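Reader: I am new to this structure and would love a close look at one part of it. Could you pick a strand and walk me through its surroundings?

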Amino acid sequence: MFERAAALCGLSALASLAFVSSAVAEEGRCTSHARFAVVAHGGEISEKVPDNGRLAAMRSALAEAQTRLSKGAAGLDVVETIVWEFENSGVFNAGRGAIANAGGFVETDASVMDGRGLRSGAGASMRHIRNPVHAARLVMDAGRHVLMVGDRGETYVKGLGAATVPDSYFVKNKGADEKNPEHGTVGAVVLDRCGHLAAATSTGGYDAKIPGRVGDSPIVGAGVYADDSVAAFSATGHGEYFIRLSVAKDVADRMRYAHQALVEAMRADIHDRLGAYKDADGALIGVDRDGNVVMDWNAVGLFRGYATDLEPPVVAEYEGPKESRPRR
């Protein structure tokens with residue numbers, strides 16, 4: 001399993017070994033609870049678009065995540081691996097498939113967050129990092145800072161071991177002047193069998209964005225959030241609004257201080273707060289400390305899926321109402 005993941009990532013033999021060893025070390029660690037849950041998204045959609053392999057990629061990643069979690073893998077490792085695989089696939093607006101900005105080149109953003117102690121790491125406006133989510137994890141594990149940006153931030157994460165690629169690696173490295181209905185983000189949230197929560201988000205950003213623009217994906221409390229005492233979240237959509245409204249943190253605060261259920265708290269932000277603005281389209285996935293799963297959006301659709309200790313992987317694109325999967 002890990003050998004295949006490393007091959008997909010195109011890592012060097014030494015880097016592959018380090019990644020595999022780290023992941024294997026986490027297997028079997030979390031077995032104190034029977035319950036677990038994993039949720040992933042591949043971006044919200046403003047109009048109907050071809051699947052282009054995204055649902056298959058999500059189903060495969062969720063099946064692998066479910067197996068790993070059942071064996072006791074740590075949630076932080078699982079969210080990183082899911083997003084890593086999405087970045088490598090080339091079919092999502094993240095990593096290899098990231099959409100170019102108005103200048104005709106790719107700039108990526110990503111973040112990870114550990115519900116234990118609110119540890120987090122992020123990178124923004126990265127031009128040559130192969131797996132932005134791994135760079136974010138390296139920043140978090142280094143421990144000194146949370147967010148690294150631009151060419152100097154890229155130099156730092158390279159020094160930590162992040163792999164780099166040339167501009168030609170990206171499959172959509174051509175500038176765009178108009179809005180693309182596939183501008184979404186990817187992300188994953190997990191409750192593992194230790195009872196720990198984790199989240200990760202990665203994106204190529206909004207289409208036709210001005211070079212240097214940073215959205216919500218690398219911003220803790222906007223595009224990502226995880227707290228073991230509440231829930232874990234990953235967002236996608238019009239990042240400027242998610243930043244202004246601190247959407248992920250606001251949902252967590254509604255749960256913590258107003259004692260709202262996950263589904264109620266998410267609905268308030270995605271439909272009421274974002275809904276007050278004409279072009280504030282977006283979506284949020286979440287899992288709470290009890291394993292309840294919610295996926296909510298205010299756009300045409302959301303590439304999304306989940307799996308738990310009770311249910312096999314389920315993926316969807318448009319159909320159905322806004323979804324809540326409470327524990328049975």
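Author: Happily! One term comes first: two residues are in contact here when they have heavy atoms within 4.5 Å. Please also keep in mind that this is a predicted model.

Let us set the scene. The protein has nine helices and 13 strands, and of its 328 residues, 59% count as buried. Among contacts between residues at least 6 apart in sequence, 71% join residues at least 24 apart.

The part I would like to show you is strand E9, which covers residues 282-288. It belongs to an open sheet of five strands, arranged in the order E7-E8-E9-E10-E13 with antiparallel pairing. At the edges stand E7 (224-226) and E13 (323-325); each has a single partner strand, so one side of each is left without a neighbour in the sheet. On average, neighbouring strands of this sheet are turned by 10 degrees against each other, direction ignored.

Now for the two strands beside E9. With E8, E9 runs antiparallel, and seven bridges join the two. One of these links alanine 231 to its bridge partner in E9, aspartate 288. With E10 (residues 293-297), E9 also pairs in the antiparallel sense, over five bridges. Here glycine 286 has valine 294 as its bridge partner, and alanine 283 stands opposite tryptophan 297. E9 and E10 form a hairpin with four residues between the strands, and in this hairpin glycine 291 takes a positive phi near 90 degrees.

How enclosed is E9? Seven of its seven residues are buried, so the strand is largely enclosed by the rest of the structure. In a regular strand, side chains alternate between the two faces of the sheet. In E9, Gly282, Leu284, Gly286 and Asp288 point one way, while Ala283, Ile285 and Val287 point the other way, and all are buried.

Next come two helices that pack here. H8 lies across E7, E8 (231-237) and E9, running at about 145 degrees to E8. H9 packs on the sheet too, touching E8, E9, E10 and E13, and its direction makes about 15 degrees with that of E10.

These helices also meet each other. The axes of H8 (residues 247-257) and H9 (residues 262-273) come within 9 Å and cross at roughly 140 degrees, which makes H8 oblique to H9. The crossing is right-handed. On the H8 side, Val247, Asp250, Val251, Arg254 and Met255 take part, and they meet Leu262, Ala265, Met266, Ala268, Asp269 and Arg273 in H9. The residues of this contact divide into seven nonpolar, no polar and four charged.

Finally, let us look at a residue from elsewhere in the chain that touches E9. Valine 189 lies in strand E5 (residues 186-191). Leaving aside its neighbours within four places in sequence, valine 189 is in contact with Ile285, Gly286 and Val287, among others. The list also includes Ala232, Phe233 and Ser234, as well as Ala37, Val38 and Val39. The C-alpha atoms of valine 189 and valine 38 are separated by 5.8 Å, although the two residues are 151 residues apart along the chain. With a relative accessible area of 0%, valine 189 is buried, since buried means under 20%.

Note on methods: Residues are numbered from 1 along each chain as its sequence is written. This is a predicted model: local features need pLDDT of at least 70, side-chain atom pairs count only at pLDDT 80 or more; totals for chains, interfaces and linings use all residues. Side-chain values use heavy atoms; hydrogens and water are left out. Axes are lines fitted to C-alpha atoms, for helices over the stretch in contact, and angles run from 0 to 180 degrees between N-to-C directions. Angles under 35 degrees count as roughly parallel, over 145 as roughly antiparallel, 65 to 115 as roughly perpendicular and the rest as oblique. A crossing is left-handed if the near helix is turned anticlockwise from the far one by less than a right angle, and right-handed if clockwise. Ala, Val, Leu, Ile, Met, Phe, Trp, Tyr, Cys and Pro count as nonpolar, Asp, Glu, Lys and Arg as charged, and the others, Gly among them, as polar. Two strands pair if DSSP finds at least two bridges between them. Buried means under 20% relative accessible area, exposed over 50%, partly exposed in between (1.4 Å probe, protein chains only).
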